[in-house]
Amino acid sequence: MLRNSPPGQPDIAALRARATNLRRHMLTMARGQGQGYIGQGLGIADVLAALYFHELRYDPENLAWAERDRFLLSTGHYSIALWAALAEAGIIPVEELVTYGADDSRLEMSTLDTTPGVEVIGGSLGHGLGQGVGQALGLRLLGSDARVFVELSDGEMQEGSTWEAAMSASHFKLDRLVALVDCNGIQADGPVVLDMEPVADKWRAFGWDVSEVDGNDMEAVVAALASARARDGRPKAIVLRTLPGKGVPRIETSEKSHFFRVDVREWDGIIADFERSVGALQ
Ligand SMILES: Cc1ncc(C[n+]2csc(CCOP(=O)(O)OP(=O)(O)O)c2C)c(N)n1
Ligand SMILES: [Mg+2]
């Protein structure tokens, strides 16, 4: 599908439609067991749509393609967003989404690397960027031009290992490495515990090229991803300001958007409201 081709002109309307599909998939998933980490998933849906349907080079028919760009979801608990993207990309069946979080499902609430399309096991926070640095170094050794994108979260920046990895990436001039720093303002049951601001300045101080965007503004996200292609010897960080629950007002306004659980009737109402609002925009 996207094999070998550098991204062309973005079709912003099509990417927005993809993001809507990702949100729809996530609602289906959360309704399955009545619960999930959907707030984060809805927040990062626009970024995953821009990645999987514009920026990343990969082949859904050949996941082991050596030259593929890698997407590492460090926050395993955001798995709902990755399952949605993989289903939308045709890598896992859409019909499987309802099994999210159920016993024996491949679609665990935290990522498993035995599920097709998953590059690393996530969940133990603070490890994704280090793995991304290792992969980017390995790819360079192999003479590959592939890129490595690592999503990590604001809460995760409190892990010291994140900064060890950040330091190494600039030391090794890994300009094929892109950190997607999801700053959604929450960490488990409330606001981010330690003040991480100014986030962008911290990454800059570690030698990274940094941009900061509204992570729910498709045009801004696509532009930031395009500027992160520069071969200037610096790793790239995109600080994404996202809204937990984006696109679903009942979740946007929930005090418990880290882990959201309601009964099936309420899910049905949430989904009906979502479809109405999508319909009204068309
Ligand atoms: C090493 C490690 N410590 C603690 C946890 C437990 N934990 C799971 S999610 C989470 C919050 C992390 O912050 P963030 O990703 O910003 O949370 P969110 O935005 O999803 O609320 C924590 C502490 C973990 N998964 N890994
Ligand atoms: Mg957070």
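## Exposure and the loop at G34

A residue counts as buried if 20 or more other C-beta atoms lie within 10 Å of its own, as exposed if 12 or fewer do, and as partly exposed in between. G34 has 14 C-beta neighbours inside 10 Å and therefore counts as partly exposed. The model in which this residue is placed is a predicted one.

G34 sits in the loop between α1 and β1 (35-36). Leaving out residues up to four places away in sequence, G34 touches R261, V262, D263, V264 and W267. P60 is 26 residues from G34 along the chain, and the C-alpha atoms of the two are separated by 30 Å.

## Overall fold

The protein has 9 helices and 7 strands. Its radius of gyration is 18 Å, close to the 19 Å that the globule rule gives for 282 residues, so the protein is as compact as a globular protein of that length. Along the principal axes, the C-alpha atoms fill a box of roughly 55 × 45 × 40 Å.

Of the 282 residues, 46% count as buried. Among contacts between residues at least 6 apart in sequence, 77% join residues at least 24 apart.

## Nonpolar core

The largest nonpolar core has 78 residues. Within this core, the residues with the most contacts are M26, L48, I80, A81, W83 and V181. Helix α2, residues 38-55, gives the most to the core, with 11 residues.

V181 falls within β4 (177-183). When residues up to four places away in sequence are not counted, V181 touches L152, V199, A237, I238, V239 and L240.

## Helix α7

Helix α7 spans residues 218-227, and its buried residues are M218, V221, V222, A224 and L225. These residues are on the same side of α7, because they cover an arc of only 160° around the axis. The elements against which the buried residues of α7 pack are two helices, α1 (12-33) and α2, and two strands, β5 (209-214) and β6 (236-241).

## Surroundings of ligand 1

Ligand 1 is surrounded by 16 residues. The closest are L125, S153, G155, Q187 and H258. By class, the shell holds 11 polar, 3 nonpolar and 2 charged residues.

One of the closest residues, G155, can also be placed relative to M196: the two are 41 residues apart in sequence and 8.5 Å apart in space, C-alpha to C-alpha. M196 is found in the loop between β4 and α6. With 17 other C-beta atoms within 10 Å, M196 is partly exposed. Apart from residues up to four places away in sequence, M196 touches D154 and M157.

## Backbone geometry

Most residues other than glycine have a negative phi, and most peptide bonds are trans. The peptide bond that joins E197 and P198 is cis, with omega about -5°. P198 lies in the loop between β4 (177-183) and α6 (199-205).

Positive phi values occur at D104 and at K173, neither of which is a glycine. For D104, phi is about 70°. This residue belongs to the loop between α3 (79-88) and α4 (128-141), and it counts as exposed because it has 6 C-beta neighbours inside 10 Å. For K173, phi is near 55°. K173 is in the loop between α5 (160-171) and β4, and with 14 C-beta neighbours inside 10 Å it counts as partly exposed.

## M109 in the loop between α3 and α4

M109 is also placed in the loop between α3 and α4. It is buried, with 21 other C-beta atoms within 10 Å, whereas D104 in that loop counts as exposed.

Neighbours within four places in sequence aside, M109 is in contact with G36, Y37, H77, S79 and G101. Of these contacts, G36 falls within β1 (35-36), and S79 falls within α3 (79-88). M109 and P93 are 16 residues apart in sequence, and their C-alpha atoms are 17 Å apart in space.

Notes: Residues are numbered from 1 along each chain as its sequence is written. Chains are lettered from A and ligands numbered from 1 in the order in which they are written. This is a predicted model: local features need pLDDT of at least 70, side-chain atom pairs count only at pLDDT 80 or more; totals for chains, interfaces and linings use all residues. A residue is near a molecule or strand if its C-beta atom, placed from the backbone, lies within 6 Å of it. Ala, Val, Leu, Ile, Met, Phe, Trp, Tyr, Cys and Pro count as nonpolar, Asp, Glu, Lys and Arg as charged, and the others, Gly among them, as polar. Helices (H or I, at least four residues) and strands (E, at least two) are DSSP runs, numbered from the N terminus. A nonpolar core is a set of buried Ala, Val, Leu, Ile, Met, Phe, Trp, Tyr and Cys residues joined through C-beta atoms within 7 Å. Two residues are in contact if their C-beta atoms, placed from the backbone, lie within 7 Å. The arc is that of the directions from the helix axis to the C-beta atoms. The radius of gyration is taken over C-alpha atoms; the globule rule is 2.2 Å times the number of residues to the power 0.38.
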